[in-house]
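Visitor: Could you take me through a close look at the ligand site of this model, and then through the strands that can be traced from there?

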Amino acid sequence: MKLRLHQFLSQTGTFASKRQAKEAVWAGDITVNGSVVKDISFQFNPRTKPVAYRGNVLHLPEEHVTLILNKPPGYLCSRLNKHERSLGKTPVFDLLPDHLSQRDKDRMVTVGRLDEATTGMLVLTTDGKLVSRVTDPEHHVPKVYLVRTAESIDEAALKALREGVDIELEVNGEVTLHRTEPAEVHQLSSCDVQVTLHEGKKRQVRRMFSSVGHQVIDLHRTAIGELWLEDFGLREGDCLDMSGMNVLALMGLDG
Ligand code: URA
């Protein structure tokens, strides 16, 4: 990406006006890659050549990349440690599209996590603010899951899941009991349930079902807020680049 020097300077937010940016160039206050440049139309790639004003390096505002992935089973939502690599595990980051730069690929994080076996809606981004807005517990952003159990589930179990059950959580190496918040739970068939949670503890759905005596054999996330995976027609393993779109607004969150 090549930019003219005056265009670059205007976008950094350092100068009160385009005129001031140009005057800084003409005054010899701007260096590109260490050399004074007095030509305001000088073209260069700001990713590879640092620009400084009176010795201070200037930056363009961060452009964030955000994607929706239809996560297949068998992928981890984290960078792998040595042990995981030796076990032949695969991170979701291996599914990032080729058009992203290596720098952007390295900056991507997942917005919350899905277990290795869980499938469905996963948002990946370079934008830390988006991550906090969606995952901070105080925001209670709803997440919708389709759950298949090994055996048919009865009304008593559904009622308990709706009202809240005790699940074990490990916090700083200590096991504590957590009473889950009320959840929306709809039975779709004898072994299929749609669950909407407003919190996101580790392996929460599997632990909740386990606490009422059920094993989850299939877990698929269909929505985060008002963003529904089915609206995007993504096949398993495919990503959609949402960069430049207001993903928070699409989720029904105001920002
Ligand atoms: N709850 C789980 O148990 N697992 C997930 O992957 C997501 C929610």
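**The ligand site and the strands around β15**

Guide: In this predicted model, helix α7, which covers residues 204–211, supplies the largest share of the shell around the ligand, namely three residues. The full set of residues surrounding the ligand consists of Leu-114, Asp-115, Thr-118, Tyr-145, Arg-203, Gln-204, Val-205, Arg-206 and Leu-219. By character, this shell divides into four nonpolar, two polar and three charged residues. As for its location, the ligand sits in the largest pocket.

Polar contacts can be described from both the side chains and the backbone. The side chain of Asp-115 places an N or O atom 2.7 Å from a nitrogen atom of the ligand. From the backbone, Gln-204 has an N or O atom that lies 3.4 Å from a ligand oxygen atom, and a polar backbone atom of Arg-206 is 3.0 Å from an oxygen atom of the ligand. Taken alone, the ligand would expose 240 Å², and of that area the protein buries 96%.

Two members of the shell, Tyr-145 and Leu-219, lead on to the strands. Tyr-145 falls within the range of strand β10, residues 143–149, and Leu-219 falls within that of strand β15, residues 216–224. These strands, β10 and β15, pair in the antiparallel sense over seven bridges, and one pair of residues that can be picked out is Val-144 with its bridge partner in β15, Ala-223. Strand β15 is also joined to strand β9, residues 119–125, by two bridges, and here the two strands run parallel; the bridge partner of Thr-119 in β15 is His-220. A further pairing links β15 to strand β16, residues 227–228, in the antiparallel sense and over two bridges, with Ile-224 having Leu-227 of β16 as its bridge partner. The hairpin of β15 and β16 has two residues between the strands, and in it Gly-225 takes a positive phi near 55 degrees.

Another hairpin can be read in the same manner. Strand β11, residues 166–171, is joined by six bridges to strand β12, residues 174–179, and the two run antiparallel. Along this pairing Glu-168 stands opposite Leu-177 of β12, while Val-171 has Glu-174 in β12 as its bridge partner. Two residues lie between the strands in this hairpin as well, and Asn-172 takes a positive phi near 50 degrees there.

To finish, there is an open sheet of four strands, whose order is β3-β2-β5-β6 and whose pairing is antiparallel. Its edges are formed by β3 (35–36) and β6 (56–58), each of which has a single partner strand, so one side of each is left without a neighbour in the sheet. For β3 that partner can be followed in detail: strand β2, residues 30–32, pairs with β3 in the antiparallel sense over two bridges, and Thr-31 has Val-36 of β3 as its bridge partner.

Note on methods: Residues are numbered from 1 along each chain as its sequence is written. This is a predicted model: local features need pLDDT of at least 70, side-chain atom pairs count only at pLDDT 80 or more; totals for chains, interfaces and linings use all residues. Side-chain values use heavy atoms; hydrogens and water are left out. Two strands pair if DSSP finds at least two bridges between them. A residue is near a molecule or strand if one of its heavy atoms lies within 4 Å of it. A polar contact is a pair of N or O atoms within 3.5 Å; within protein, one must be able to donate a hydrogen and the other to accept it, and residues adjacent in sequence count only if both atoms are side-chain atoms. Accessible areas come from the Shrake-Rupley method with a 1.4 Å probe; for residues, only the protein chains shown count as cover. On a 1 Å grid over the protein atoms alone, a cavity is a set of points where a 1.4 Å probe fits but cannot get out, and a pocket is an open set with protein on both sides within 12 Å along at least five of seven lines; lining residues have an atom within 4 Å of a point. A molecule sits in a cavity or pocket if more than half of its atoms lie within 2 Å of its grid points. Ala, Val, Leu, Ile, Met, Phe, Trp, Tyr, Cys and Pro count as nonpolar, Asp, Glu, Lys and Arg as charged, and the others, Gly among them, as polar.
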